[in-house]
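Here is a short walk through a protein model for someone meeting it fresh. Have a look at the sequence and the structure, then read on.

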Amino acid sequence: MRRLLAFLVIGPVLAACSSDKGLGETERVSDDDLGDAWPLTVESALLTCDDGYVLVQVDGNSFRIDGIAGPDDAHPGFRRLWATDPERLDGRKDLSALVDAGRSLCD
């Protein structure tokens, strides 16, 4: 009985401390990994694949990044993280290198 009680009390605490929010396999990527192709305004992020969708996690917030046609399709929280590129028509850096890195977690 004591073991069950300890599990019921400690289990949720440990789950709340998880850095990947239980989304599955994650990989930390950074601007050093992608160089000039790094599309975010932060130095690093966690990538994960959840039900076939590529997610990026920054500061505990997760955003789907595959299938975004442009800034208007992105979550407002992600738009703040998405670096600008005045030479592109949509004004934002290309996400394909980050999405490709995340897709490797879906295999």
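Helices (H or I, at least four residues) and strands (E, at least two) are DSSP runs, numbered from the N terminus. With that in hand, Thr48 is found in strand β2. What you're looking at is a predicted model, where local features need pLDDT of at least 70 and side-chain atom pairs count only at pLDDT 80 or more, while totals for chains, interfaces and linings use all residues. Residues are numbered from 1 along each chain as its sequence is written, and side-chain values use heavy atoms, leaving out hydrogens and water.

Let's stay with Thr48 for a moment. Thr48 is buried, with a relative accessible area of 2%; buried means under 20% relative accessible area, exposed over 50%, and partly exposed in between (1.4 Å probe, protein chains only). A polar atom of the Thr48 side chain lies 2.8 Å from the backbone oxygen of Glu25. That pair is a polar contact (N or O atoms within 3.5 Å; within protein, one must be able to donate a hydrogen and the other to accept it, and residues adjacent in sequence count only if both atoms are side-chain atoms).

Next door in the sequence is Cys49, which a disulfide joins to Cys106, S to S 2.0 Å. A disulfide here is a pair of cysteine sulfur atoms within 2.5 Å, and the count comes to 1. Cys49 lies in strand β2 and Cys106 in the segment after α4, so the pair ties together parts that are 57 residues apart in sequence. The torsion about the S-S bond is about 105°, so the disulfide is right-handed. Cys49 is buried at 15% relative accessible area, whereas Cys106 is partly exposed at 30%.

Now for the core. A nonpolar core is a set of buried Ala, Val, Leu, Ile, Met, Phe, Trp, Tyr and Cys residues joined through side-chain atoms within 4.5 Å. The largest one has 21 residues, and Phe78 and Leu98 are among those with the most contacts inside it. Two or more residues come from each of β2 (44-50), β3 (53-58) and α4 (96-103). Phe78 touches Leu40, Val56, Phe63, Ile65, Ile68 and Leu95, not counting residues up to four places away in sequence; contact means heavy atoms within 4.5 Å.

Finally, a backbone quirk. Most residues other than glycine have a negative phi. Here are two that go the other way:

| Residue | Loop | Phi | Relative accessible area |
|---|---|---|---|
| Asp51 | between β2 and β3 | about 55° | 72%, exposed |
| Asp59 | between β3 and β4 (61-64) | about 50° | 74%, exposed |
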